[in-house]
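These exercises walk through one protein model, from single residues to pockets. Try each task before reading its solution.

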Amino acid sequence: MDSLAQKLEEMAIPDLELATSPLVSEADAGLATGEVSKKKNKKKKKPSAAAPVNGEAQVEEAPKDGDAEGEDDDGDDDDDEEEAGANGASTTGAKKKKKKKSNKKKKKQTEPPTIGLSVLFPTKIYPEGEVCEYKDDNVWRTTDEEKRALERQNFDQYNDVRRAAEVHRQVRQYARRTIKPGMSMTEICEMIENGTRSLVEANGFESGIAFPTGCSLNHCAAHYTPNAGDKIVLQYGDVCKIDFGVHVNGRIIDSAFTLTFDPVYDNLLAAVKEATNTGIREAGIDVRLGDIGAAIQEVMESYEVEIGGKTHQVKSIRNLTGHSIDPYKIHGTKAVPIVNNGDPTKMEEGEYFAIETFGSTGRGIVRYDMETSHYARAYDIPNIPIRMPKAKSLFETINREFGTLPFCRRYLDRVGEEKYLLALKSLCDTGHVSGYPPLVDVKGSYTAQYEHTLVLRPTRKEVLSRGDDY
């Protein structure tokens, strides 16, 4: 029994030694540790391969750190190569994207302006004018959800007229920089009209010039544009009113400003500009037109101007007015007076108005004079036959080219009409066409004009033609 127990003890000793041997335990521990660390390394590498998804900044930093080209601590080259490929491709893609963005340059307008607005505004969304809150009883409109919904429905209409307004701003800013004494009136008008046609991308009744460019001088307040052969040249001492219009789908922008080169006229211009801004400030839904006229007159006639050693009070020209504007119809049914005439007619929601004021150092009343240059087809064509063949042909041209939009003789020349004066007079006599001669105050006086177009939106009014210049 003792010998048997002894033998069993001798046989168990090697097993114990094997289990407790330092050599065996180190090898086993080393294998276990190597496997665990390798797995941990592989787990850490997986997020770096997916790093491009989380952001471009992480992808761009990878090549700088050398992670894409280097090896892992455990020498797993295959995994590293795959990760380098993924990171490299992502980095290249990110660089390409950034390169495209940096190469995209916003196009700028040329001088003279020739680039159409659809190129400058590829989204076809055009900038708003000056937006003004309504006053007093109409303040609630600003936040009323029903009125805001109505505005959203009218967005296309507003976008059309904003496009016309942006054309007007860009063309007139170039004109104000460019017009100088010594230029002929024909040269000035053609410069403005060519710029307008280019920027609005004139296309028949879809877009184009809304009426002839007015460039009335000194005592002539409105409705002068040169006819063919006109030799008048702008002088240093002239007061020149530039009045031109743009339309898109019949929505018209009518805006005007006055140019002078002699500072002696500064107070005259300041009076008219402030009077126009007063009219804009007072305009609003349910406002009486007579009240607007009273406010304009009060401001206008508070100014004096000294010319040639003589002091003149600036007067509102009482028989000239602003007006409502309808589609393809420059003069709507409502007139906005620039004197206190007591008119109780009210402005209404959705209406477009040209707020324009005229100041004069003369009598403050204008009359017809000089050669007619402005014409327009009658809105309601009379039921009278046109008997003269040339007049009939001319009327067809007017209908085709201008419709109810005003035109001038130069425009007839441009579309190829010749020897048409007798036919044009015949159409005026029968009432198919109306002529609008220049409007003048007394000779030796000076007149000035400023004008803006605004729309009475359901929530707020928008001065569409407002710009940095005026």
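**Exercise 1.** Is Thr-278 buried or exposed?

Solution. The model is a predicted one, in which local features need pLDDT of at least 70 and side-chain atom pairs count only at pLDDT 80 or more, while totals for chains, interfaces and linings use all residues. Residues are numbered from 1 along each chain as its sequence is written, and side-chain values use heavy atoms, with hydrogens and water left out.

Step 1: Thr-278 belongs to helix α10, residues 266–282. Helices (H or I, at least four residues) and strands (E, at least two) are DSSP runs, numbered from the N terminus.
Step 2: the relative accessible area of Thr-278 is 3%, so Thr-278 is buried. Buried means under 20% relative accessible area, exposed over 50%, and partly exposed in between, with a 1.4 Å probe and protein chains only.
Step 3: apart from residues up to four places away in sequence, Thr-278 touches Ala-295, Ile-296 and Val-299. A contact is a pair of heavy atoms within 4.5 Å.

**Exercise 2.** Find which residues Ile-317 is in contact with, leaving aside neighbours within four places in sequence.

Solution. Step 1: locate Ile-317 in the loop between β8 (315–316) and β9.
Step 2: Ile-317 counts as buried because its relative accessibility is 0%.
Step 3: the contacts of Ile-317 are Ala-221, Ile-338, Phe-358, Gly-359, Ser-360, Gly-364, Ile-365, Val-366 and Thr-447.
Step 4: for Gly-359, the C-alpha to C-alpha distance from Ile-317 is 6.0 Å, with their positions 42 residues apart in sequence.

**Exercise 3.** Place Phe-407 in its strand and its sheet.

Solution. Step 1: Phe-407 is in strand β14.
Step 2: β14 belongs to an open sheet of three strands in the order β14-β13-β15, paired antiparallel. Strands pair if DSSP finds at least two bridges between them. β14 (407–408) and β15 (433–436) are the edge strands, each pairing on one side only.
Step 3: β13 and β14 are joined by two bridges, and Tyr-375 stands opposite Phe-407.
Step 4: with a relative accessible area of 0%, Phe-407 is buried.
Step 5: among the residues that Phe-407 touches beyond four places in sequence are Pro-212, Ile-398, Phe-402, Leu-412 and Val-433. The C-alpha atoms of Phe-407 and Phe-211 are 5.8 Å apart, although 196 residues separate them along the chain.

**Exercise 4.** Describe the strand pairs formed by β2 and by β3.

Solution. Step 1: β2 runs antiparallel to β4, and eight bridges join them. One bridge partner pair is Ile-209 with Val-246 in β4.
Step 2: for β2, 11 of its 11 residues are buried.
Step 3: β3 pairs with β16 (residues 439–440) in the antiparallel sense over two bridges, and Cys-220 stands opposite Val-440.
Step 4: the open sheet that holds this pair has the order β3-β16-β12. Its edge strands are β3 and β12 (367–368).

**Exercise 5.** What volume does the largest pocket have, and which residues lie nearest its centre?

Solution. Step 1: on a 1 Å grid over the protein atoms alone, a cavity is a set of points where a 1.4 Å probe fits but cannot get out, and a pocket is an open set with protein on both sides within 12 Å along at least five of seven lines; lining residues have an atom within 4 Å of a point. Grid points are joined across faces, edges and corners, and a volume is the space filled by probe spheres set on the points.
Step 2: the volume of the largest pocket is about 620 Å³.
Step 3: 32 residues line the largest pocket, and His-223, His-323, His-331, Glu-356 and Tyr-436 lie nearest its centre.
Step 4: β2 supplies the largest share of this lining, five residues.
Step 5: the lining divides into 15 nonpolar, 11 polar and six charged residues. Here Ala, Val, Leu, Ile, Met, Phe, Trp, Tyr, Cys and Pro count as nonpolar, Asp, Glu, Lys and Arg as charged, and the others, Gly among them, as polar.

**Exercise 6.** Which element gives the most to the lining of the second largest pocket?

Solution. Step 1: the second largest pocket holds about 330 Å³ of space.
Step 2: its lining has 16 residues, with Arg-197, Ile-209, Glu-401, Phe-402 and Arg-414 nearest the centre.
Step 3: β2 gives the most to this lining, three residues.
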